[in-house]
There are 2 protein chains.
Amino acid sequence: MSKSENTRQFIVEKTAPVFNTKGYAGTSMSDIMSATGLSKGCIYGNFENKDEVALAAFDFNHNKVNEHMKTRILATDNSIERLLVYPDTYKNYFKYSYLQAGCPILNTSTEADDTHPRLKERAIKALNFWKTSIENQIKRGIVRKEIKEDTDPTEVAVIMISMIEGAFMQAKVTNRNTELKIAMGFLEKMILNLKL
Amino acid sequence: MSKSENTRQFIVEKTAPVFNTKGYAGTSMSDIMSATGLSKGCIYGNFENKDEVALAAFDFNHNKVNEHMKTRILATDNSIERLLVYPDTYKNYFKYSYLQAGCPILNTSTEADDTHPRLKERAIKALNFWKTSIENQIKRGIVRKEIKEDTDPTEVAVIMISMIEGAFMQAKVTNRNTELKIAMGFLEKMILNLKL
DNA sequence: CAAAAAAAAGACCGATTGGTCTATTTTGTA
DNA sequence: TACAAAATAGACCAATCGGTCTTTTTTTTG
């Protein structure tokens, strides 16, 4: 890894949580400078502009969540257990430092939907990826005869994502997780109900 | 209504949709000026600072949604029908101009949770108000023997709010309402299932 | 070890930010 | 209709915004 690749990665790592908490419009170049301890010249030497830093930061945040879910899911085999990883993870979101600032998809979607087309595009792709992941888990479960075959993969995926994001929003703003626990408890019941 | 009260109201009406689309950090004084067609002196003559305009704009946006829901709910009598007003309204959110820019609670929550304590407080109160409204509708339904008496009012309220907000977020960012329709369809089934 | 190339620092730029203050206009009232 | 008071306009302010450019430092390479 070259020097510049290294600092580029460093800048992304350090600014990713800042963008996730302050948002795109709320994060300034001086925020980026103080978060990294680097000069303006250095940052513009590695990124074309603030936009590029923001996009890389989103990718980093989203990737981190994805990696975590992936390893947890692949640690289990049964389809029902795999689906249960989602409510189980988000139920205790405060335990995971990279979720403290909130879900990157949720934050980015609500800010960028009317203002920042490129970030919006990233959020849409992330949502689609998440949805098809869940759908595939369900299809796999049906094939493996672990999930009822009349289950609608899309419906379950949409309900799971909606519930998680909606409950997460409430947990973040209220600083309590009673609502999140109730919603995730319901999701667990729903998932267990898919069992063949 | 005095002149100043009049223009104050005018400023709030004109800027409310701007704050809801661009967010607090994304809306500038010049945005406020061009949205109202008024001078800086006029705006600062009626509001102490940008904060006060933002808070008044949130109240306006939230109130508008509340008023609409209230009249639709009071137009029905049966508790199940009253609960169904929520999925029925949000299913066709694009029909209501004041929801085009998104749900004010969702937008404000995700932006202000880490940055703007006063807006955050408003969002929390709005969420609590919504939650108790739904809980009360369910309690009323149990008393009137329209809803199963083993129904947990809080659980239903949390699920409804989570589902609506999560699905709404997806609809806004993807510019399509397939997910919203699926989620609201599920909510309808769930509500009908509470019928005694 | 010297020269060339790459990377980082920071002075500097015009534009825009939120906000102030005075001049002007509009309004209500005597 | 004259005058005081309220309301609006807009010039002006320092600070900050995103971004450029030259200088200095660090690294690579012959």
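How do the residues of the surface near DNA strand D divide into nonpolar, polar and charged? They divide into 4 nonpolar, 11 polar and 5 charged residues. The structure is a predicted model, and this briefing covers the surfaces near DNA strands C and D, the contact between chains A and B, and the relation between these two chains.

**Surface near DNA strand D**

- Among the 20 residues around DNA strand D, those that come nearest are Ser28(A) and Met29(A) from chain A, with Ser4(B), Gly41(B) and Gly45(B) from chain B.
- Two or more residues each are given to this surface by helix H2 (29-36) and H3 of chain A, and by H1 and H3 of chain B.
- H3(B) gives the most to the surface near DNA strand D, namely 5 residues.

**Surface near DNA strand C**

- Around DNA strand C there are 20 residues, of which Ser4(A), Gly41(A), Cys42(A), Ser28(B) and Met29(B) come nearest.
- Chain A supplies at least two residues from each of helix H1 (3-22) and helix H3 (40-46), and chain B does so from each of helix H2 (29-36) and helix H3 (40-46).
- With 5 residues, H3(A) accounts for the largest share of the surface near DNA strand C.
- The class composition of this surface is 4 nonpolar, 11 polar and 5 charged residues.

**Contact between chains A and B**

- Chain A and chain B each place 39 residues in the contact.
- On the side of chain B that touches chain A, two or more residues come from each of helix H1 (3-22), helix H7 (104-112), helix H8 (117-143), helix H9 (153-174) and helix H10 (178-192).
- The most is given by H9(B), with 16 residues on the side of chain B that touches chain A.
- By class, that side of chain B comprises 17 nonpolar, 13 polar and 9 charged residues.

**Relation between the two copies**

- A turn of 180 degrees, with a shift of 0.0 Å along the axis, lays chain B on chain A with an RMSD of 0.0 Å.
- The two copies are therefore related as by a two-fold rotation axis.
- Within chain B, the C-alpha nearest the axis belongs to Gly166(B), at 2.0 Å from it.
- Both copies are served by the same surface, since 100% of the contact residues of chain B recur in chain A.

Technical notes
Residues numbered from 1 in each chain as written. Chains lettered and ligands numbered in written order. Predicted model: local features only at pLDDT ≥ 70, side-chain atom pairs only at ≥ 80, totals over all residues. Near = placed C-beta within 6 Å. Helix = DSSP H or I, 4+ residues; strand = E, 2+ residues; numbered from the N terminus. Nonpolar A, V, L, I, M, F, W, Y, C, P; charged D, E, K, R; others polar. Contact = placed C-beta atoms within 7 Å. Least-squares fit on C-alpha atoms with pLDDT ≥ 70 in both.
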